[in-house]
Amino acid sequence: MFNKLKTLCRDEDGAVTVDWVVLTAAVVALAATAFTSIQHASGGMGVGLEEYLSNYEIE
């Protein structure tokens with residue numbers, strides 16, 4: 001039993017998978033944050049443009 005535990009602790013086959021999962025989660029979190037920031041910024045700009053155009057008179 002102790003030999004199996006030592007072998008399990010020395011085995012690094014799953015370490016690369018864990019690294020990729022963590023890196024992928026970080027990239028997804030950063031993309032979601034960037035998307036949210038861009039969405040809020042562009043929404044405010046759209047409202048400002050709408051107000052400007054609705055008050056503009058065409059002669």
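**Two helices in an extended chain**

K6 is found in helix α1, which covers residues 2-10. This placement comes from a predicted model, and K6 makes a handy starting point for a walk along the chain. With a relative accessibility of 35%, K6 is classed as partly exposed, because that class lies between the limits of 20% for buried and 50% for exposed. A look from K6 towards V18 gives a feel for distance: the two residues are 12 positions apart in sequence, and their C-alpha atoms lie 20 Å apart in space.

The overall picture can be drawn next. The secondary structure of the protein chain amounts to two helices and zero strands. Along the principal axes, the C-alpha atoms fill a box of roughly 90 × 15 × 10 Å. The radius of gyration of the protein chain is 26 Å, whereas a compact globule of 59 residues would have a value near 10 Å.

What share of the 59 residues is buried? The answer is 0%. The protein chain exposes about 5800 Å² in total, and carbon and sulfur atoms supply 67% of that area.

The second helix, α2, spans residues 15-55, and Y52 is one of its members. Is Y52 buried or exposed? Its relative accessible area is 52%, so Y52 counts as exposed, since the limit for that class is over 50%. Y52 also offers a second view of distance along the chain: Y52 and T17 are 35 residues apart in sequence, and 52 Å separates their C-alpha atoms.

Y52 has company at the surface, too. Together with L49, L53, Y56 and I58, Y52 forms a nonpolar surface patch. The accessible area of these residues together comes to about 630 Å².

Technical notes. Residues numbered from 1 in each chain as written. Predicted model: local features only at pLDDT ≥ 70, side-chain atom pairs only at ≥ 80, totals over all residues. Heavy atoms only, no water. Helix = DSSP H or I, 4+ residues; strand = E, 2+ residues; numbered from the N terminus. Rg over C-alpha atoms; globule rule 2.2 N^0.38 Å. Buried < 20%, exposed > 50% of the residue type's maximum accessible area, 1.4 Å probe, protein only. Areas by Shrake-Rupley, 256 points an atom, 1.4 Å probe, with all protein chains shown as cover. Patch = residues over 30% accessible without salt bridge, like charges linked within 9 Å, V, L, I, M, F, W, Y side chains within 5 Å. Salt bridge = Lys/Arg side-chain N within 4 Å of Asp/Glu carboxyl O.
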